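Subject: Structure for your review

Dear colleague,

Please find below the structure that I am handing over to you. My findings follow it, grouped by topic.

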Amino acid sequence: MWGMSDATPSEPGPDFAAMTRDIAEVPAVEVIVTVAVNLMSAAAVKLGLTEEGDAHKDLDEARKLVHALAGLLDAGATEISSFHAAPLRDGLKSLQLAFREASLVPDEPGQGPGEKYTGPVYG
């Protein structure tokens, strides 16, 4: 269950106060970029773009991750500066193109994952 510790009585549980202090010291830009990179990595796995290839391929899951990434970048781009946003947008476009290529029946232009936020992506 979320927030529950599996610690035994002899093992201390998570130190939530320390975790809160740690996250309080992290700039928002770093949190946004880290979340974006995690979404990108997960989407790449679900698109079969890792060394394991198709072992973890799941286009339905990939669609969700790419769409969430596009929404995050759309909402956060002005907050993280073009220095951080530009490479993330490039990565997003690459994932969108990989999704289009991996789909047996490609979405209509503008209907692919995240294209609600980015506009149509063409190969």
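In which helix is Ala44 found? Ala44 belongs to helix H2. Please note before reading further that the model is a predicted one.

Ala44 and its distance to Leu95

Ala44 has a relative accessibility of 17% and therefore counts as buried, the cut-off for that class being under 20%. Along the chain, Ala44 and Leu95 are 51 residues apart, and their C-alpha atoms are separated by 7.0 Å.

Two further pairs of positions

Thr50 is placed in the loop between H2 and H3. With a relative accessibility of 26%, Thr50 counts as partly exposed. From the C-alpha atom of Thr50 to that of Tyr122 the separation is 23 Å, and the two residues are 72 apart along the chain.

Met19 is a residue of helix H1, which covers residues 16-24. Its relative accessibility is 48%, so Met19 counts as partly exposed. Between Met19 and Ser81 there are 27 Å in space, C-alpha to C-alpha, for a separation of 62 residues in sequence.

Ser81 also deserves a remark on its backbone. Although Ser81 is not a glycine, it has a positive phi of about 75°. Ser81 has its place in helix H3, and at 35% relative accessibility it counts as partly exposed.

Salt bridges

Side chains of opposite charge can pair when their charged atoms come close. How many salt bridges does a search of the whole structure find? The search finds five. Several of them are described below.

Arg100 and Glu115 meet through their side chains in a salt bridge, at 2.8 Å from N to O. This pair links distant parts of the chain, 15 residues apart, with Arg100 in helix H3 and Glu115 in helix H4. Are these two residues buried or exposed? Both Arg100 and Glu115 are buried.

Salt bridges with shared partners also join Asp60, Glu61 and Lys64 into one network. Within this network, Asp60 forms a salt bridge with Lys64, and their closest N and O atoms are 3.4 Å apart. Asp60 and Lys64 are separated by about one helical turn, because they are four residues apart in helix H3. Asp60 is partly exposed, with a relative accessible area of 45%, and Lys64 counts as partly exposed at 48% relative accessibility.

A further salt bridge is formed by the side chains of Asp54 and Lys57, at 3.9 Å from N to O. Asp54 has a relative accessibility of 57% and so counts as exposed, a class that begins over 50%. Lys57, at 35% relative accessibility, counts as partly exposed.

The largest pocket

How much space lies in the largest pocket? The volume is about 170 Å³. The lining consists of 13 residues, and those closest to the centre of the pocket are Arg89, Leu92, Gln96, Tyr117 and Thr118. Two elements give two or more residues to this lining, namely helix H3 (59-102) and helix H4 (115-118). H3 supplies the largest share, with eight residues. By type, the lining residues divide into seven nonpolar, three polar and three charged.

A nonpolar patch on the surface

Which residues form a nonpolar patch on the surface? The patch is formed by Ile23, Val31 and Val35, and together these have about 220 Å² of accessible area. Val35 is found in helix H2, which spans residues 28-46. At a relative accessibility of 38%, Val35 counts as partly exposed.

Points to look at in the viewer

For convenience, these are the places I would propose to view together:

- Arg100 in helix H3 with Glu115 in helix H4, the salt-bridge pair that links distant parts of the chain.
- The network of Asp60, Glu61 and Lys64, joined by salt bridges that share partners.
- Ser81, with its positive phi of about 75°.
- The largest pocket, with Arg89, Leu92, Gln96, Tyr117 and Thr118 closest to its centre.
- Ile23, Val31 and Val35, the nonpolar patch on the surface.

With kind regards

Key
Residues numbered from 1 in each chain as written. Predicted model: local features only at pLDDT ≥ 70, side-chain atom pairs only at ≥ 80, totals over all residues. Heavy atoms only, no water. 1 Å grid on protein atoms, 1.4 Å probe; cavity = no way out; pocket = protein on both sides within 12 Å on 5 of 7 lines; lining within 4 Å. Points joined across faces, edges and corners; volume = space filled by probe spheres on them. Nonpolar A, V, L, I, M, F, W, Y, C, P; charged D, E, K, R; others polar. Patch = residues over 30% accessible without salt bridge, like charges linked within 9 Å, V, L, I, M, F, W, Y side chains within 5 Å. Areas by Shrake-Rupley, 256 points an atom, 1.4 Å probe, with all protein chains shown as cover. Salt bridge = Lys/Arg side-chain N within 4 Å of Asp/Glu carboxyl O. Buried < 20%, exposed > 50% of the residue type's maximum accessible area, 1.4 Å probe, protein only.
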